[in-house]
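Visitor: I have a chain open in the viewer and would like to go through it piece by piece. Can we start with the broad picture and then move to single residues?

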Amino acid sequence: MGTDGSDEVDRVVAGWADVRPDLDLAPMHVLSRVTRLARHLDRDRREAFGAHGLESWEFDVLAALRRSGTPYQLSPGALVRETGVTSGTMTNRVDRLTARGLVQRSSHPADRRGILVTLTPSGLAAVDAAFVGLLAAERRILGDLSAEDSEQLADLLRAVTRRYVQ
C-alpha cells in the first residue's frame, strides 16, 4: 500500500490511463483486485487443507458429502453436480479417496446398478478439521472489514457472479 492508500492496481490502472486515455478502465479497479484476491485465497486454501493432509479437490468432494447431512452419502452423479467436474474425473477422485480411506463405495439400495459414496469417520474428521482451518484463513483475509462491510461485499459479489451460476 502506498502512503496515500493506493495499491498495485491503482498503479497499473494509472499506467494504462496514461497510454490509453481513450478507454474506460473502471472494470480494472474491481476485477484486477478480485484476481489478486483469488490468488491469495487459493494459496490460503491450499495451506489450510494441506495442514490437514488434504488437497483442494479432496476437500471439495468430502465437503459435498459432509453438507449432504447424515449419513454423508451421495451418488457419483450428485457429486458431479456438487463439484462441477466430469464423471470421469469424479470416478478418479472417488477411487483416490477410497484408497486413502476417506470415503467408501456401497451399492445403492434403490438402484441395483447404482452406487453411493459415503464419508468414512476418517473422512469426516479430516473435512471438519480442514473446514475450521479454512474459516480461520478466510476470517484473516476479511479481518479489516466490519460485519456490515463483509455482508455488503458478499451482496455485490453475488450480483456480479449471478450470471455464471446455473
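**Walking through the chain**

Guide: According to its unreviewed UniProt entry, residues 27–162 carry the feature "domain: HTH marR-type". Bear in mind that the model is predicted.

Visitor: How much of residues 27–162 is helix, and how much is strand?

Guide: That span is 68% helix and 12% strand. Its end C-alpha atoms lie 17 Å apart.

Visitor: And how many helices and strands are there in the chain?

Guide: The chain has seven helices and three strands. In sequence order the pattern reads α-α-α-β-α-α-β-β-α-α.

Visitor: What is the radius of gyration of the chain, set against a compact globule of 166 residues?

Guide: The chain has 21 Å, whereas a compact globule with 166 residues would be near 15 Å. Along the principal axes, the C-alpha atoms fill a box of roughly 65 × 30 × 30 Å.

Visitor: What share of the residues is buried?

Guide: Buried residues account for 27% of the 166 in the chain. The exposed surface comes to about 11300 Å², and carbon and sulfur atoms supply 54% of that.

Visitor: What about contacts between residues 24 or more positions apart?

Guide: Taking the contacts with a separation of 6 or more, 45% are between residues at least 24 positions apart.

Visitor: Charges next. How many positive and negative ones are there, and how far apart are their mean positions?

Guide: There are 22 positive and 23 negative charges, and their mean positions are 9 Å apart.

Visitor: OK, single residues. Where is V61, and is it buried or exposed?

Guide: V61 sits in helix α3. V61 counts as buried because its relative accessible area is 0%, and the cut-off for buried is under 20%.

Visitor: Which residues does V61 contact, leaving aside its neighbours within four places in sequence?

Guide: Those are L79, T83, M90, R93 and L97. For a distance, the C-alpha atoms of V61 and V80 are separated by 9.0 Å, with the two positions 19 residues apart along the chain counted as their spacing.

Visitor: L97 is on that list. Which other residue touches L97, going by the contacts of L102?

Guide: L102 does. L102 is found in the loop between α5 (87–99) and β2 (103–108).

Visitor: Is L102 buried or exposed?

Guide: L102 is buried, because its relative accessibility is 6% and buried means under 20%.

Visitor: What else does L102 touch?

Guide: Not counting residues up to four places away in sequence, L102 also touches L54, L62, T118, L119, T120, S122, G123 and A126. L102 and R67 are 35 residues apart in sequence, and their C-alpha atoms are 15 Å apart in space.

Visitor: Switching to backbone geometry: which residues are joined by a cis peptide bond?

Guide: T70 and P71 are, with omega at about 10°. P71 is in the loop between α3 (56–67) and β1 (73–74).

Visitor: Which residue has a positive phi although it is not a glycine?

Guide: Y72, with phi at about 55°. Y72 lies in the loop between α3 and β1.

Visitor: Why does Y72 count as buried?

Guide: Y72 has a relative accessible area of 18%, and the cut-off is under 20%, so Y72 falls in the buried class.

Visitor: Now R113. Where is it, and is it buried or exposed?

Guide: R113 is in strand β3, residues 111–119. R113 is exposed because its relative accessible area is 79%, and exposed means over 50%.

Visitor: How far is R113 from F59?

Guide: Their C-alpha atoms are separated by 27 Å, and R113 and F59 are 54 residues apart along the chain.

Visitor: Last one, A154. Where does it lie?

Guide: A154 lies in helix α7, which covers residues 147–161. A154 is 28 residues from A126 in sequence and 28 Å from A126 in space, C-alpha to C-alpha.

Visitor: Why is A154 called partly exposed?

Guide: A154 has a relative accessible area of 34%, so A154 falls between the under 20% cut-off for buried and the over 50% cut-off for exposed.

Conventions:
Residues are numbered from 1 along each chain as its sequence is written. This is a predicted model: local features need pLDDT of at least 70, side-chain atom pairs count only at pLDDT 80 or more; totals for chains, interfaces and linings use all residues. Side-chain values use heavy atoms; hydrogens and water are left out. UniProt positions are given in the numbering used here, feature names are shortened, and annotations may be inferred rather than shown by experiment. Helices (H or I, at least four residues) and strands (E, at least two) are DSSP runs, numbered from the N terminus. The radius of gyration is taken over C-alpha atoms; the globule rule is 2.2 Å times the number of residues to the power 0.38. Buried means under 20% relative accessible area, exposed over 50%, partly exposed in between (1.4 Å probe, protein chains only). Contact means heavy atoms within 4.5 Å. Accessible areas come from the Shrake-Rupley method with a 1.4 Å probe; for residues, only the protein chains shown count as cover. Lys and Arg count as positive and Asp and Glu as negative; His and the chain ends are not counted. The place of a charge is taken as NZ of Lys, CZ of Arg, CG of Asp or CD of Glu.
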